[in-house]
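I am keeping these entries as I look through the structure, and I note what I looked up in the order in which I went.

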Amino acid sequence: MADGREAKSNVDPRLLELLACPLTKGPLTWDPERGELISRVARLAYPVRDGIPIMLPSEARAIPFEDGLPPPRLAGPS
């Protein structure tokens with residue numbers, strides 16, 4: 001049986017297209033290394049547990065400015 005620490009949670013890319021930050025309503029990006037969904041605008045990292053995004057601001061980890069998070073990409077007209 002596989003050890004739970006070996007496998008990182010994964011998020012279905014189709015789900016990622018539908019999810020938005022509950023505070024800013026902006027896009028989220030997937031951080032596979034930490035298993036988190038990142039809101040660059042809010043500077044929050046939402047955890048993903050057993051493949052389920054926990055979209056509660058109270059559960060999110062604040063991302064300090066020292067972490068060097070690049071600014072959010074602004075979407076232009078499609």
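Is K25 buried or exposed? I began with this residue, bearing in mind that the model is a predicted one, and I found that K25 is exposed, with a relative accessible area of 62%. I placed K25 in the loop between helix 1 (13–18) and strand 1. Its backbone also caught my eye, since phi of K25 is near 65°, a positive value in a residue other than glycine.

Entry on strands 1 and 2. I followed the chain to strand 1 (residues 29–31), which pairs with strand 2 in the antiparallel sense over three bridges. To fix the register I looked up T29, and its bridge partner in strand 2 is I38. The two strands form a hairpin with four residues between them, and there G35 takes a positive phi near 65°.

Entry on the faces of strand 2. In a regular strand the side chains alternate between the two faces of the sheet. With that in mind I checked residues 36–39, and I noted that E36 and I38 on one side, and L37 and S39 on the other, are all buried, so that both faces of strand 2 are covered.

Entry on E36. I stayed with this residue of strand 2 to see what surrounds it. E36 has a relative accessible area of 9%, and because buried means under 20%, E36 counts as buried. Its side chain is joined to that of R61 by a polar contact of 2.8 Å. Leaving aside residues up to four places away in sequence, I listed what E36 touches, and among them are T29, W30 and D31, as well as A45, Y46 and P47.

Entry on strands 2 and 3. Next I looked at strand 3 (residues 44–49), which pairs with strand 2 in the antiparallel sense over four bridges. I wrote down two of the matches: L37 has Y46 as its bridge partner in strand 3, and S39 stands opposite L44. These strands, too, form a hairpin with four residues between them, and R43, in the loop between strand 2 and strand 3, has a phi near 55°, a positive value in a residue other than glycine. I also looked up the accessibility of R43, which is 14%, so R43 counts as buried.

Entry on the setting of strand 3. Five of the six residues of strand 3 are buried, so this strand is largely enclosed by the rest of the structure. I then looked for its other partners. Strand 4 (residues 52–53) is joined to strand 3 by two bridges, and the two run antiparallel, with P53 in strand 4 as the bridge partner of V48. Two residues lie between the strands of this hairpin, and D50 in the turn has a positive phi of about 55°. Strand 5 (residues 61–62) also pairs with strand 3 in the antiparallel sense, over two bridges.

Entry on A45. Which residue of strand 5 stands opposite A45? I found that it is R61. A45 lies in strand 3 and counts as buried, because its relative accessibility is 0%. Not counting residues up to four places away in sequence, A45 touches E36, L37, I38, A60, R61 and I63. Last, I looked up the separation of A45 from C21, which is 24 residues away along the chain, and their C-alpha atoms are 9.7 Å apart.

Note on methods: Residues are numbered from 1 along each chain as its sequence is written. This is a predicted model: local features need pLDDT of at least 70, side-chain atom pairs count only at pLDDT 80 or more; totals for chains, interfaces and linings use all residues. Side-chain values use heavy atoms; hydrogens and water are left out. Buried means under 20% relative accessible area, exposed over 50%, partly exposed in between (1.4 Å probe, protein chains only). Two strands pair if DSSP finds at least two bridges between them. Contact means heavy atoms within 4.5 Å. A polar contact is a pair of N or O atoms within 3.5 Å; within protein, one must be able to donate a hydrogen and the other to accept it, and residues adjacent in sequence count only if both atoms are side-chain atoms.
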